[in-house]
Amino acid sequence: MMDKIIIFDTTLRDGEQVPGCKLNTKEKVELALDLEHLGVDVIEAGFPISSPGDFASVNEISKSITNATVCALSRAVEKDIQVAGEALKYAKRPRIHTGIGTSDLHIKSKFNSNREDILARAIQCVKWARKYTDNIEFYAEDAGRTDNDYLARVIEGVIKAGATTVNIPDTTGYCLPYQYGEKIAYLINNVSNIDQAVISCHCHNDLGLATANSIAGVISGARQIECTINGLGERAGNTSLEEVVMIIKQHKDLNFYTSIDATQLNPMSRKVSDIMRMPVQPNKAIVGSNAFSHSSGIHQDGFLKNAETYEIINPLEVGADDSKIVLTARSGRSALAHRFKKLGYEFDRNGVDVLYDWFLQVADGKKEVEDADLTLLAEKYKERN
Ligand code: KIV
Ligand code: ZN
C-alpha cells in the first residue's frame, strides 16, 4: 500500500517573498490555475493582511480554483485571521494557515515573552481560525531550532484546539536531515493526539538541505511537503517542488506517491522563471538547462551505448527537451562521429581520427562546438579526400 504525500505549494506566498518577484493579481490567478493543473493539492495563495493587493489575489484565486485547497497565511493575531477568513470566503476548500514562533530565540527576541504565553497564543489562534473553517494548519515557526519537548506540548495543544495539519518549519534551514527526521519521529512518539493531524514539512535551503530534510521528514512519518517551483523563496529558498516529486517518483522503495503530473514540471518551471524574472541555474536538478546534457567523452560514450548509464530520468518524463550531447574540448570521438551522422556525414575510422584533431583545435577556442563548425570541418575533409 503506497502512502500519498500531499503537495502544498507556496510559490505564491513564501516564493513570492523573494525581492523582485512581486506578482499582480492577474499573474497570481494564472499561476494558481497552472498549479492546480499540475496537480498540487494545496495552493498557498498569499498573506491577505499584508496588503490590499494580496487580499485581492487570495480572493480571486479562491473564486477560480475548483479542486485544490486554497490556503491563506496569517500570524497568531485575531485581525490577521479574520482578514484571511474573509479573503477565502469564495474558496471551495479553504484553509487558514496560522501560527507563531516557538524557538526560545523567537519567543524572547521577537515576542519578548515566555513559553507558557506562546503556548496559550498558539492555542488561541487556532480557536479564532475555527470560526472560518475546519481546515486549519498551524505552523510552529523555527521548529527546527525549537526544543522538542516544548514543541510536542505546543503541537498537542493546537491539535486539541482543532488544527488538522501541523507544520514543522525549519525556518532557517539549520537542521541536518537526520535531525529533522528525528524531530518528526519525536512528535509522532510523544504527541498523544498526533494521529488526528497531518504533519507537514516546511524546509528552507540555507545549507542546501531543504529537499533532503523534507524527504527525511516524510520517511519519519510526515505526509505533507511544502515547496515552491524552482525552490524559490526567501534567502536560499524553499524546498523545490520538482525535486521532491521526482525523488518520490524515482524511489519506488519509499512507497509514496504524489498527484503531480511530472510532464508539466519543465514547462511550469520556465513559466515561473519568466513571470517572476528569476533565472534557473543551469545545473538545477530536473529543470536546469544542463540537467540532461552530456559533455565529457566518457559520459557521452556510455550514454550513446545506453542512456541509463548516465541518466536516471528520461527527460521526456519531466517535460524537458530530449537529452543533449554537447560538444566541447572534453568530448570524445564517439560523440563527434554520432553528431556527424546526425548531420548526414559518415566517416571511416581514419576520417574520424583526422576530424577529431581538427575538432579539438576548434573546441579549445570556444565553449561549445556548433553544428555550423562541424559542417565546415566535414566539407573541408571531403574536399581533401
Ligand atoms: O519558514 C517559515 O517558518 C514560514 C512559516 C510562516 C510557515 O514560512
Ligand atoms: Zn518559510
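**Figure 1. A72 of strand β4 has I96 as its bridge partner in strand β5.** The model shown is predicted; local features are described where pLDDT is at least 70, side-chain atom pairs count only at pLDDT 80 or more, and totals for chains, interfaces and linings use all residues. Residues are numbered from 1 along each chain as its sequence is written, and chains are lettered from A and ligands numbered from 1 in the order in which they are written. Strand β4 spans residues 69–75 and is joined by six bridges to β5 (residues 94–101), the two strands running parallel. Strands (DSSP runs of E, at least two residues) and helices (runs of H or I, at least four) are numbered from the N terminus; two strands are paired if DSSP finds at least two bridges between them. Helix α3 (residues 78–87) completes a right-handed β-α-β unit with β4 and β5. A crossover is termed right-handed if, with the strands pointing away from the viewer, the path from the first strand over the helix to the second runs clockwise.

**Figure 2. Strand β4 is covered on both faces.** Seven of the seven residues of β4 are buried, a residue being buried if 20 or more other C-beta atoms lie within 10 Å of its own, exposed if 12 or fewer, and partly exposed in between, with C-beta atoms placed from the backbone. One side carries T69, C71, L73 and R75, and the other V70, A72 and S74. In a regular strand, side chains alternate between the two faces of the sheet.

**Figure 3. Strand β3 pairs in parallel with β2 and with β4.** β3 (residues 42–46) is joined to β4 by four bridges, and two bridges link β3 to β2 (residues 6–9). I43 has V70 as its bridge partner in β4, while D9 stands opposite I43. V42, in turn, faces T69 of β4. Five of the five residues of β3 are buried. Two right-handed β-α-β units include β3: helix α1 (residues 25–38) lies between β2 and β3 in the order of one unit, and helix α2 (residues 52–64) between β3 and β4 in that of the other.

**Figure 4. I43, I155 and V158 touch the most other members of the largest nonpolar core, which has 94 residues.** Helix α5 (residues 115–129) contributes the largest share of this core, seven residues. Such a core is a set of buried Ala, Val, Leu, Ile, Met, Phe, Trp, Tyr and Cys residues joined through C-beta atoms within 7 Å. When neighbours within four places in sequence are left aside, V158 is in contact with A122, I123, V126, F138, A163 and V166; a contact requires C-beta atoms, placed from the backbone, within 7 Å of each other. A second, separate core has nine residues, among them L355, F359, V369 and L377. In soluble globular proteins, nonpolar side chains tend to be buried together.

**Figure 5. Eight named residues surround ligand 1: D14, Y139, E141, N167, P169, T171, H202 and H204.** A residue belongs to this shell if its C-beta atom, placed from the backbone, lies within 6 Å of the ligand. Strands β6 (136–141) and β7 (165–170) each supply at least two of the shell residues. By class, the shell comprises two nonpolar, four polar and two charged residues. Here Ala, Val, Leu, Ile, Met, Phe, Trp, Tyr, Cys and Pro count as nonpolar, Asp, Glu, Lys and Arg as charged, and the others, Gly among them, as polar.

**Figure 6. N230 and R235 lie in the loop between β9 and α9.** The loop that holds N230 runs between β9 (224–227) and α9 (241–250). Phi is positive at N230, near 65 degrees, and at R235, near 50 degrees, each a residue other than glycine. N230 is buried because 27 other C-beta atoms lie within 10 Å, whereas R235 counts as exposed because there are 12 C-beta neighbours inside 10 Å.

**Figure 7. N314 is located in the loop between α11 (297–305) and β12 (324–325).** N314 counts as partly exposed because it has 13 C-beta neighbours inside 10 Å. F292 is 22 residues from N314 in sequence, and the C-alpha atoms of the two are 8.5 Å apart.

Technical notes. Two residues are in contact if their C-beta atoms, placed from the backbone, lie within 7 Å.
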